[in-house]
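Student: Could you take me on a close look at the largest cavity and what surrounds it? I am new to this structure, so please go step by step.

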Amino acid sequence: MSPRDEDRLAIEKFGVGQPVRRMEDPVLLRGQGRFTDDINLPGQAYAVFVRSSVAHGKIHAIDTSTARAMPGVLGVYTGQELNAAGYGTLKNIIAFPNRDGTPMKKPARPALPTDKVRFVGDPVACVVAETVAQAKDAAEAVTLDIDPLPAVTEAREAAKPTAPLLYDDVPGNLSLDYHYGDAAKVADAFARAAHVTRLGLINNRLVVAPMEPRSAIAEHAAKSGNWTLRIGCQGVMGLRRQLAADILNVPPEKVRVLAGNVGGSFGMKASVYPEYTPLFHAARLLGRPVKWTDERSGSFLSDHHGRNHDILGELALDKNGGFLAVRITGYVNVGAYLTTVTPLMGTLNVVKNTIGVYATPLIEVAMKGVFTNTSPVGAYRGAGRPESNYYMERLVEYAAAEMKIDRIELRRRNHIAPQQIPYEAPSDQTYDSGNFRAVLDRALAAADWSGFDKRKAESLKRGKLRGRGVGSFLEVTAPTNPESGGVRFEADGTVTILTGTLDYGQGHWTPFAQVLADQLGIPPGKVRLMQGDSDQLVAGGGTGGSRSAQNSSAALVAAAKKVVDQGKPIAAHVLEAAVPDIEFARGRFAIAGTDRAIGILDLAAKLRQGLKLPEGVPTTLNVNDKIDGVPSTFPNGCHVAEVEVDPDTGVVEVVKYTTVNDFGTILNPMIVEGQLHGGVTQGIGQALSERVVYNEDGQPLTGSFMDYALPRAADVPNFSWESLPTPATTNPLGVKGCGEAGCAGALPSVMNAVVDALSQYGITHIDMPATPHRVWQAIKQAKAKR
């Protein structure tokens with residue numbers, strides 16, 4: 001077989017839609033990945049942070065004199081030094097108005113506070129030394145004089161008039177009094193409803209816990225004034241913008257952000273953290289790189305947390321079970337400080353995602369974003385999407401039971417029908433695609449819904465209660481964001497994709513190479529991926545909100561078209577033909593109607609060898625451009641979970657899990673399935689075991705994996721998954737996001753299954769997480785009432 005035939009076969013075998021193995025995995029499995037902590041620069045110093053052990057208190061003094069005199073210590077920095085140096089504060093980009101039209105309260109967050117500490121883990125000083133051990137020893141010698149103040153950790157309590165205030169200029173600890181919807185119309189719908197379902201729901205606080213803790217290396221070049229940060233993040237361009245504009249007060253071109261392999265993030269590493277400012281400050285003063293790597297105990301405190309909402313859900317129905325309106329009211333716990341996008345997750349994203357797959361004419365969302373003496377809360381896998389679908393699906397189940405309508409029938413009665421697409425939702429979203437009933441029906445068949453009674457009887461023989469639950473979901477992915485689309489032909493014959501999303505575990509290299517194979521006929525094995533150098537990109541929204549495949553693929557399609565447009569006049573010159581006679585297909589420029597052709601890689605080689613070209617003909621095939629981005633997509637699906645409950649111990653086990661999903665055009669089904677598995681597992685963790693707990697003084701009681709129960713491999717079943725796609729109409733390939741969908745299906749399906757299993761005791765609801773103790777208590781209390 002000729003090399004040309006081998007390339008053609010590779011394109012057919014590894015194009016879009018094929019389950020190509022992840023090309024990055026061999027390096028990672030051999031331990032050859034290059035994460036931030038693997039990097040050591042000549043002359044680097046090491047930083048360790050001093051953190052508050054008090055949840056709320058007034059800072060009287062920070063004594064660093066002993067620490068400064070210790071061996072190897074190069075500097076100890078507090079907020080006073082940083083303020084004097086003129087660094088900026090961490091910014092929140094959300095600009096929602098309060099219900100009365102006034103602006104939301106956004107207290108400035110300095111990197112190191114000088115007035116008060118507001119949560120356990122609040123950083124107050126940075127020690128830099130020649131070694132990590134020396135920095136740790138010196139950090140322990142820093143003395144904090146903090147006058148403790150009363151603390152509050154729950155949003156509902158923090159909103160009370162008697163609650164301690166975190167900020168003097170934020171009355172009632174209220175950052176935002178958010179409202180969406182026509183309150184009068186919603187009230188009218190509820191007034192004329194034949195039935196109203198009301199259900200209080202807790203969206204439990206979670207530790208993000210990626211495999212790789214945060215790590216960063218800061219550098220400053222005194223001569224040029226340039227700054228460099230090597231860091232694990234979710235997108236180098238967005239982080240560069242934040243660092244330049246908010247912290248360093250310099251033009252973006254003065255800042256370079258470099259990211260290598262990143263060991264997970266789930267939303268947490270997307271934005272600037274307070275630690276980065278003192279690292280830059282120390283690097284500038286010392287003239288040396290300064291490195292910091294967090295430890296797991298520190299991560300539990302300093303990384304932002306996820307979720308933490310306390311809501312009342314209400315659903316108005318007509319006499320036939322038709323949905324009239326849904327109303328969500330409650331509290332968003334924002335923690336001690338606002339992160340970059342807080343409280344988006346508990347406000348606008350609830351608006352966008354709550355109605356899901358149901359034709360619901362009206363929605364009202366009224367949420368109060370409240371400061372508490374807890375770790376700040378930010379985006380976590382789904383960022384409001386999973387919990388919103390959870391709210392709706394629990395209301396649907398609850399309403400079905402109250403109205404004595406079959407739960408599947410109630411869903412079918414209210415599905416948005418295919419003929420209603422495009423559907424103008426009351427959330428100001430336009431659903432462009434979807435066949436929700438078909439997805440539900442296929443999921444029920446795949447789950448053997450009709451055979452459940454037999455499995456339930458078999459479980460009962462073993463003393464277990466068996467329950468089943470449905471979780472229909474629809475997510476609105478992140479909105480339009482400018483995105484890099486670059487194709488660079490390298491000297492070694494490979495081709496580099498440049499795009500501003502960032503792979504932190506998803507496996508971008510392989511599907512993006514598959515897109516290039518389809519568009520330009522370049523074998524994936526010859527493709528490389530560059531996402532982690534802000535100096536090489538022209539734009540980038542980063543990875544988050546399930547938008548990478550749709551944004552980067554659209555940018556690559558646009559870039560590939562430009563490559564072809566540039567290549568046609570070059571190929572015409574080489575083939576001695578007119579430009580209009582040149583066609584491009586399957587990686588080859590050819591003269592129409594003949595067998596005379598040249599491959600795109602061969603053409604690139606000729607350019608590297610110094611091909612002489614006429615004036616006006618492009619001199620390169622390389623493209624490094626950007627697109628404006630693509631609109632949100634609407635991935636959806638239906639998950640069916642079955643659980644067994646041990647009534648004697650309260651232990652819940654997920655024993656069967658089936659998913660049918662509409663992710664539009666799938667670039668690589670193997671990678672999509674892997675993303676789904678991860679999301680479902682995290683959803684099972686939130687539903688059954690994970691929860692951050694604070695005591696009345698604001699001390700975290702779940703500060704390590706000894707106390708905080710992440711799901712283990714033994715806690716999840718084998719997953720069954722199918723694809724039933726309706727391609728999106730808003731991007732060139734019809735792609736929909738998939739990275740967060742597993743959580744959105746898992747929360748409602750698992751919790752509906754748990755309640756179903758417990759229903760024989762008259763239990764109609766149990767909050768997440770359904771831990772053994774909580775389930776056992778619910779059974780015990782239900783028995784006592786009989």
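Tutor: By class, six residues of the largest cavity's lining are nonpolar and four are polar, while none is charged. Please keep in mind that this is a predicted model. The residues that line this cavity are V357, H415, F436, V439, L440, S472, F473, N636, G637 and C638. Three elements each give two or more residues to that lining: helix 14 (436-446), strand 18 (465-474) and strand 26 (636-645). The space they surround has a volume of about 40 Å³.

Now let us follow helix 14 away from the cavity. Its axis and that of helix 13 (residues 407-414) come within 10 Å and cross at roughly 160 degrees. The two helices are therefore roughly antiparallel to each other, and their crossing is left-handed. On the helix 13 side, the contact is made by I408, R411, R412 and R413; on the helix 14 side, R437, L440, D441 and L444 meet them. Sorted by class, the residues of this contact are three nonpolar, no polar and five charged. L440 is worth finding on your screen, as this residue takes part in the helix contact and also lines the largest cavity.

How many cavities of 30 Å³ or more does the structure hold? There are two, so let us visit the other one as well. The second largest cavity has a volume of about 30 Å³. Around it you will find V207, F300, L301, H305, V692, P700, T702 and G703. Five of these lining residues are nonpolar and three are polar, with no charged residue in the lining.

For an open space to set beside these, turn to the second largest pocket, which holds about 440 Å³. Its lining has 18 residues, and those closest to the pocket's centre are V48, F49, K136, T293 and E295. Strand 1 (45-51), helix 5 (132-141), strand 12 (290-293) and helix 10 (296-302) are the elements that give two or more residues to this lining. Strand 1 supplies the largest share, with six residues. Here charged residues do appear: the lining divides into seven charged, eight nonpolar and three polar residues.

To return to your request, the picture around the largest cavity is a lining without charged residues, to which helix 14, strand 18 and strand 26 each give two or more residues, and helix 14 also meets helix 13 in a contact with five charged residues.

Note on methods. Residues numbered from 1 in each chain as written. Predicted model: local features only at pLDDT ≥ 70, side-chain atom pairs only at ≥ 80, totals over all residues. Heavy atoms only, no water. 1 Å grid on protein atoms, 1.4 Å probe; cavity = no way out; pocket = protein on both sides within 12 Å on 5 of 7 lines; lining within 4 Å. Points joined across faces, edges and corners; volume = space filled by probe spheres on them. Helix = DSSP H or I, 4+ residues; strand = E, 2+ residues; numbered from the N terminus. Nonpolar A, V, L, I, M, F, W, Y, C, P; charged D, E, K, R; others polar. Axes fitted to C-alpha atoms, helices over the stretch in contact; angles between N-to-C directions. Parallel < 35°, antiparallel > 145°, perpendicular 65-115°, else oblique. Left-handed = near helix turned anticlockwise from the far one by under 90°. Contact = heavy atoms within 4.5 Å.
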